[in-house]
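Hi everyone, thanks for making time this morning. I'd like to walk you through two interfaces, and then we can chat.

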Protein chains: 4
Amino acid sequence: MTIQRFFSDNAAPVHPQVMEALAAANAVDTAYDGDALSARLDSAFSDLFGKPVEAMWVATGTAANSIALAAHVRPWQAVLCHEEAHIEVDECGAPALFNGGAKLMLLPGAGAKIDAATIDARMGAIRKDVHQVQPAAISITNASEYGLAWTPDEVATVGECARRHGLALHMDGARFANAVAHVGCTPADVTWRAGVDVLSFGCVKNGGMNAEALVFFNGMPAGVKEMRKRSGHLQSKGRYLAAQILAMIEGGLWLDNARSANRAAAIIAQAAGERLLHPVEANEIFLRLTAEEAATLRAAGFDFYDWGEGAARLVTSWQHAVGDVQPLADAIRAL
Amino acid sequence: MTIQRFFSDNAAPVHPQVMEALAAANAVDTAYDGDALSARLDSAFSDLFGKPVEAMWVATGTAANSIALAAHVRPWQAVLCHEEAHIEVDECGAPALFNGGAKLMLLPGAGAKIDAATIDARMGAIRKDVHQVQPAAISITNASEYGLAWTPDEVATVGECARRHGLALHMDGARFANAVAHVGCTPADVTWRAGVDVLSFGCVKNGGMNAEALVFFNGMPAGVKEMRKRSGHLQSKGRYLAAQILAMIEGGLWLDNARSANRAAAIIAQAAGERLLHPVEANEIFLRLTAEEAATLRAAGFDFYDWGEGAARLVTSWQHAVGDVQPLADAIRAL
Amino acid sequence: MTIQRFFSDNAAPVHPQVMEALAAANAVDTAYDGDALSARLDSAFSDLFGKPVEAMWVATGTAANSIALAAHVRPWQAVLCHEEAHIEVDECGAPALFNGGAKLMLLPGAGAKIDAATIDARMGAIRKDVHQVQPAAISITNASEYGLAWTPDEVATVGECARRHGLALHMDGARFANAVAHVGCTPADVTWRAGVDVLSFGCVKNGGMNAEALVFFNGMPAGVKEMRKRSGHLQSKGRYLAAQILAMIEGGLWLDNARSANRAAAIIAQAAGERLLHPVEANEIFLRLTAEEAATLRAAGFDFYDWGEGAARLVTSWQHAVGDVQPLADAIRAL
Amino acid sequence: MTIQRFFSDNAAPVHPQVMEALAAANAVDTAYDGDALSARLDSAFSDLFGKPVEAMWVATGTAANSIALAAHVRPWQAVLCHEEAHIEVDECGAPALFNGGAKLMLLPGAGAKIDAATIDARMGAIRKDVHQVQPAAISITNASEYGLAWTPDEVATVGECARRHGLALHMDGARFANAVAHVGCTPADVTWRAGVDVLSFGCVKNGGMNAEALVFFNGMPAGVKEMRKRSGHLQSKGRYLAAQILAMIEGGLWLDNARSANRAAAIIAQAAGERLLHPVEANEIFLRLTAEEAATLRAAGFDFYDWGEGAARLVTSWQHAVGDVQPLADAIRAL
């Protein structure tokens with residue numbers, strides 16, 4: 001019996017078009033980011049976002065997030081984020097390495113989203129003196145850690161709040177494509193038009209191999225390129241990272257892949273019905289599942305992560321066609 | 001006219017066998033380093049080095065060097081290295097990011113090598129108190145920044161010196177393959193048998209895409225895996241890095257490629273004759289060249305880096321067959 | 001009208017015996033901590049704690065706490081502490097500077113104390129992998145941020161919990177003297193006998209000028225002296241810090257001063273009665289106070305900090321005799 | 001026999017006027033730097049330097065230097081300084097702790113001074129790319145590590161060089177008073193008029209107890225106060241530091257003390273004659289002295305540091321009257 005794995009989109013294969021792009025890039029060129037492909041990133045992302053932006057490749061989302069935050073926060077300052085944000089719970093403290101020890105200040109919020117009222121309350125509770133750490137940025141995740149997509153209006157509310165307090169706004173977009181595919185907005189609407197300063201634009205979970213993009217909407221702050229080099233993230237054959245990213249965005253593959261993953265997730269979500277712990281708006285399904293039920297599914301050839309007691313997380317990816325997940329949906333319904 | 005580029009092996013294409021290995025790895029697997037290929041690294045390197053070792057992939061040589069050093073040096077300590085070492089002059093201060101600000105203490109030495117006498121002298125000049133920074137490691141580069149290969153005996157002398165002073169010994173092997181190919185020793189002889197504790201085993205310059213290996217000969221110190229994650233270097237699709245490394249070492253490609261590059265360099269070196277600034281023992285040629293002569297070569301279709309005034313650096317790579325570089329050799333002879 | 005200030009023991013004068021000790025130390029001696037007074041610290045604290053300990057002066061509690069934690073925690077690890085701990089809310093992120101960015105993981109707890117059950121629960125919720133930050137130490141504050149004294153049994157419960165999880169236990173004793181004076185235990189009972197590894201022993205709030213002691217009960221970890229120097233805390237005329245500390249502990253002044261402050265606080269507490277937000281066990285009084293009532297007290301010549309809305313904090317110090325605070329107590333009663 | 005100690009001005013007693021100032025400050029006041037004495041620092045230093053400046057106390061020269069440099073240098077940048085500068089050889093790497101790992105780039109120079117030509121040459125040798133660390137500041141020491149005083153013209157040459165390259169200029173003035181006393185210039189002439197941006201104004205070696213001043217001539221950069229707090233250097237009873245500094249500068253004690261020390265050094269220097277390794281321009285005497293001669297002096301009751309083989313360093317301080325050092329001068333002459 002083949003096991004169908006729904007652990008993470010992190011484990012999915014690389015999309016064939018990305019593999020082809022890598023093959024096509026396989027010639028001599030200038031080292032680091034002096035090559036022709038890397039040079040195309042700014043304009044490709046400017047097209048995608050409908051305004052002049054500056055973009056840069058790095059190998060991982062953790063590096064993208066950390067550099068984005070370090071560009072806006074000094075060591076004695078802080079980043080406001082959700083208490084279950086990836087930067088807090090899944091990056092081994094990476095942001096603090098890159099920014100010299102700045103604090104992550106944790107906020108609650110349903111579905112792993114934070115809102116302006118919570119931010120305002122927290123800002124109001126901080127004395128403006130040198131004893132207390134002062135926030136300098138907000139980081140939100142889209143889609144959120146629980147697979148919820150942000151609407152442009154939701155982001156704009158946080159964006160205005162950020163501006164009011166003089167804070168930069170970062171969006172961790174590890175699953176940005178899935179979120180945009182769900183909401184149906186333009187990439188611009190949910191980012192710079194809503195006040196986002198910098199976006200970690202995810203590719204790896206969405207069919208890439210090892211390239212993510214960092215997109216600065218209001219200019220690249222001083223030191224960003226140095227931080228990339230200094231953290232060992234300036235690859236000498238950077239053209240292979242640029243190639244992956246261009247393959248994703250220049251022809252719309254990023255949205256196509258996200259739509260596939262979302263559709264597959266929707267099929268499973270429909271089957272899960274009342275079991276769902278969160279609305280399924282991207283490619284993650286959190287559902288109630290007893291140990292016995294989990295065992296039943298696993299015995300039927302489906303594997304996934306337990307999510308605490310009595311719950312499970314399933315993640316679909318670009319490679320799942322609707323038909324692929326029907327057996328799982330049926331199995332869930334049959335529980 | 002096609003320009004033949006001798007800027008850097010950093011800019012060479014990826015070797016076809018590595019590309020094939022990437023294609024072969026393109027299936028679902030466990031994320032991060034839980035996959036079957038990553039799991040094979042320890043044994044593959046143990047075979048290569050003739051003793052049980054622990055190995056780990058990272059994307060760049062800068063990351064490999066920085067993690068290796070941070071594993072052995074605390075923030076208030078220092079690393080002894082050559083004043084022209086890559087970690088000092090070409091990594092934007094990366095070692096200090098990873099290890100919390102430890103100092104690089106710079107030593108002179110012909111051909112960018114350092115020797116035991118120089119190390120002893122420096123160690124003797126440091127007061128053993130809390131005011132002066134105390135070294136905890138030595139880092140050497142093989143092949144050196146000027147393309148010189150270390151013999152096992154040379155390394156052993158530094159290794160004994162390291163042991164005498166209680167220092168760890170790191171080897172930056174960005175061009176390790178070229179050095180071993182030149183000397184004709186076993187990889188073991190010039191590393192752990194000579195006192196090396198940890199090796200940055202280079203693949204990218206030698207035909208890889210974006211994977212280097214870090215090889216620990218005396219166990220992996222606590223915190224290494226955490227450092228990799230915390231610096232954003234734990235890739236979720238790590239199997240594609242493992243695949244590259246295995247493609248290089250399991251069938252001997254690493255040595256084959258290095259031999260090709262070395263042979264090509266030797267052809268050029270022979271033509272350069274009296275012009276050579278350093279013996280050519282790997283794949284780098286440093287030679288005297290007036291501005292006029294450089295212009296002549298460039299007009300003939302060969303490009304390369306100037307190396308200060310009146311000198312140039314040329315680097316060959318795995319892709320250069322002997323015939324490929326003959327025209328350049330002829331052009332140099334004709335100057 | 002003279003204003004009586006109950007803002008903080010931080011603002012109290014230096015006790016006359018400490019001033020005399022400074023005058024007595026005013027002669028030529030060896031620089032840094034090579035002097036005769038600094039040399040006496042280990043034995044003086046060993047006497048105080050009834051076992052051989054190693055002790056060291058630093059100028060501030062923030063430095064003491066930060067060095068204590070950095071000695072036990074690596075940059076990728078964490079310290080468990082109360083969400084209102086001084087190290088979290090009043091030190092501008094100092095612990096992260098000293099330890100390279102380790103996280104403070106915040107726990108709830110009544111009266112700013114944390115208990116074993118909360119720690120166990122938090123430890124149980126952390127996956128043991130490189131993605132999640134792993135705690136390496138616990139920090140508790142005695143007296144707590146709300147002026148509660150820990151009993152030896154309470155500390156022992158946390159101490160056992162620390163041992164169970166392999167965590168070091170630090171006690172921030174900025175008001176250690178007040179806590180011990182209240183409980184009536186020996187200093188040993190509430191520290192090393194209960195599992196404390198390292199104590200920040202406060203002097204400044206208790207009549208010192210600018211010297212605190214760091215006391216290691218299980219040996220001083222490697223690097224502590226280097227951290228002190230490297231953070232600019234190794235004073236060249238360190239004998240004046242040693243003199244202050246010895247003046248406090250060799251003749252029992254530390255307890256006498258704490259008792260004075262505690263007695264004064266008790267007088268006010270008795271007057272406050274039902275207004276108290278926390279039991280008064282040291283020298284801090286937190287009480288309900290409307291804006292109008294606060295204005296009345298201020299008009300009568302007493303000043304203090306507001307503590308959010310509808311509450312206030314008053315702090316007594318060594319210099320307050322019982323008679324000194326009677327007028328304030330009367331004024332509170334009269335509200 | 002009483003031993004006369006010429007090890008370091010670091011070990012001298014505190015001047016009686018400073019002790020009196022401490023006693024005078026011994027009353028209740030606002031904590032941290034909210035007190036009346038701390039508030040006077042800006043105007044006192046503005047008077048001293050003949051222009052509006054911002055000043056701040058810290059406990060040690062290492063803290064002063066480190067904060068000054070961290071205010072002008074980002075982690076991926078560098079400070080140019082002499083290879084024997086105190087910040088390089090005697091501070092256990094403190095600058096790198098405060099600034100997140102920025103590099104000290106070491107320059108040669110007679111008498112531990114650096115000059116514009118050396119700086120220009122070094123700046124010229126650095127490629128302007130992200131691989132190489134770019135300097136952002138220069139640090140000079142006045143008096144230098146070998147006791148040489150800088151003239152206003154000498155500083156101005158470096159100041160112009162700094163401006164040319166866009167670098168900040170820091171002066172480590174641990175013995176600033178001795179240097180100014182020797183040259184006879186105004187404090188302004190040798191600092192801001194010559195291009196110095198920030199000065200570590202030393203008090204401890206010159207009769208203080210544990211307070212140094214940091215003087216910013218062109219405004220205090222953002223983050224300086226936070227850095228002081230975050231490094232544990234914001235003392236709660238800061239008024240005792242302000243008191244020391246004001247006692248030194250408001251009545252001219254700083255210059256009187258320096259003149260005493262310089263005069264005493266001159267007497268010894270005259271006796272040393274041909275033995276001198278450096279001109280004696282402040283209060284340090286470096287002289288040739290065989291092991292036998294050193295033993296003779298020590299047998300006669302004078303002690304001091306050996307300075308490598310065949311040399312010694314003697315330091316005088318404010319407490320040495322001319323008559324006090326005559327016996328030593330005679331003993332040197334008699335060798």
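Between chain A and chain B, about 3800 Å² is buried, with carbon and sulfur atoms giving 55% of that area; buried area here is the accessible area, for a 1.4 Å probe, that two parts lose on being put together, summed over both. Three residues of chain A stand out: L97(A), R230(A) and K237(A) supply 19% of what chain A buries against chain B, more than any other three residues.

A quick word on provenance. This is a predicted model, where local features need pLDDT of at least 70 and side-chain atom pairs count only at pLDDT 80 or more, while totals for chains, interfaces and linings use all residues. Residues are numbered from 1 along each chain as its sequence is written, chains are lettered from A and ligands numbered from 1 in the order in which they are written, and side-chain values use heavy atoms, with hydrogens and water left out.

Back to the chains. The contact (heavy atoms within 4.5 Å) takes 48 residues from chain A and 48 residues from chain B. How many salt bridges are there between chain A and chain B? Zero, if we ask for a side-chain nitrogen of Lys or Arg within 4 Å of a carboxyl oxygen of Asp or Glu. Polar contacts are another story: the count between the two chains is 37 residue pairs, both residues at pLDDT 80 or more. For those, the rule is a pair of N or O atoms within 3.5 Å, where within protein one must be able to donate a hydrogen and the other to accept it, and residues adjacent in sequence count only if both atoms are side-chain atoms.

Now let's look inside chain A. An automatic or database domain assignment divides chain A into domain 1 (4–12 + 253–333) and domain 2 (16–249). Their centres, taken over C-alpha atoms, are separated by 26 Å. In contact are 23 residues of domain 1 of chain A and 28 residues of domain 2 of chain A. Together these domains bury about 2100 Å², 56% of it on carbon and sulfur atoms. On the domain 1 side, L253(A), W254(A) and E281(A) supply 38% of the area buried against domain 2, more than any other three residues.

Which salt bridges can we find here? The rule gives two across this domain interface. I can also show you D9(A) and R175(A), whose side chains meet in a salt bridge at 2.7 Å, N to O. Polar contacts between the two domains come to twelve residue pairs, both at pLDDT 80 or more.

That's my tour; happy to take questions!
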